[in-house]
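Work through the exercises below with the model open. Each one has a task and a stepwise solution.

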Amino acid sequence: MPKQKFYAIKSPEWGKIVNSWEECETIVRGTKGLKYKSFSTMPEAQAWLSGEEVAEPAGLRVYVDGSFMPGCDKAGWAFVVVEDGKEVAAGSGYTVFPAESRNIDGECMASYQAMRWLDLNDKYATICHDYEGIARWARGEWKAKSHIAQQYVAAVKPFLFRVKFEKVAAHTGVKWNERVDALAKAAIEKLKAEGKANA
């Protein structure tokens with residue numbers, strides 16, 4: 001049975017906690033100015049709503065993200081490894097082939113590269129992602145129909161015993177999610193600066 005999650009949503013005027021991603025998505029989709037974040041416990045969600053700093057969960061966590069920009073046919077990817085609230089490793093780059101699904105290609109590559117890092121270092125961790133397909137495809141909850149999804153599922157299969165997944169809300173001020181997002185964007189900016197954006 002899936003572990004209970006609490007989704008805190010806030011604007012400058014109000015705050016609310018719901019018990020499912022579906023309900024949270026219904027509220028936040030298309031509404032500007034809202035921030036939202038998932039938590040494992042109600043007290044953590046309440047603390048975030050009230051503006052208290054929530055401590056980073058203990059253990060090894062790997063934040064992953066992808067990026068895509070107009071004028072570039074590749075997608076950027078990045079991962080940041082965090083242990084007990086401190087960055088211990090990071091990696092970034094861009095896809096070898098043109099991105100078929102824009103930033104989703106980068107998201108998938110970031111997750112794969114993160115799992116490779118864990119395997120090379122004999123580590124186990126939580127993959128923190130903002131694109132839902134990262135976990136859904138890997139766990140077989142979504143059918144991998146696209147070429148990139150099929151490639152991703154096949155590539156990560158040997159490493160799944162090392163990870164569990166946690167969805168984090170994009171662009172809501174989560175420190176490490178913002179850091180990995182910046183790294184993925186920087187990989188694309190570097191590619192464009194080198195004149196290889198449409199190679």
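For the charge count, Lys and Arg are positive and Asp and Glu are negative, while His and the chain ends are not counted. The model is a predicted one.

**Exercise 1.** Count the positive and negative side chains of the protein chain, and find how far apart the centres of the two sets lie.

Solution. Step one: the protein chain has 28 positive side chains and 26 negative ones. Step two: the centres of these two sets are 2 Å apart.

**Exercise 2.** List the secondary structure of the protein chain in order from the N terminus, then judge its compactness from the radius of gyration.

Solution. Step one: there are six helices and eight strands. Step two: from the N terminus, the order is β-β-α-β-α-β-β-β-α-β-α-α-β-α. Step three: the radius of gyration is 17 Å, close to the 16 Å from the globule rule for 199 residues, so the protein chain is as compact as a globular protein of that length. Step four: the C-alpha trace spans about 50 × 35 × 35 Å along its principal axes.

**Exercise 3.** What percentage of the 199 residues counts as buried?

Solution. Step one: apply the cut-off, under 20% relative accessible area. Step two: 45% of the residues count as buried.

**Exercise 4.** Where do Asp84 and Arg102 lie, and what is the sign of phi in Asp84 and Arg102?

Solution. Step one: Asp84 sits in the loop between β5 (76-83) and β6 (86-94). Its phi is positive, near 50°. Step two: Asp84 has a relative accessible area of 52%, so Asp84 is exposed. Step three: Arg102 belongs to the loop between β6 and α3 (103-120). The phi of Arg102 is also positive, about 55°.

Methods. Residues numbered from 1 in each chain as written. Predicted model: local features only at pLDDT ≥ 70, side-chain atom pairs only at ≥ 80, totals over all residues. Heavy atoms only, no water. Helix = DSSP H or I, 4+ residues; strand = E, 2+ residues; numbered from the N terminus. Buried < 20%, exposed > 50% of the residue type's maximum accessible area, 1.4 Å probe, protein only. Rg over C-alpha atoms; globule rule 2.2 N^0.38 Å. Charge placed at Lys NZ, Arg CZ, Asp CG, Glu CD.
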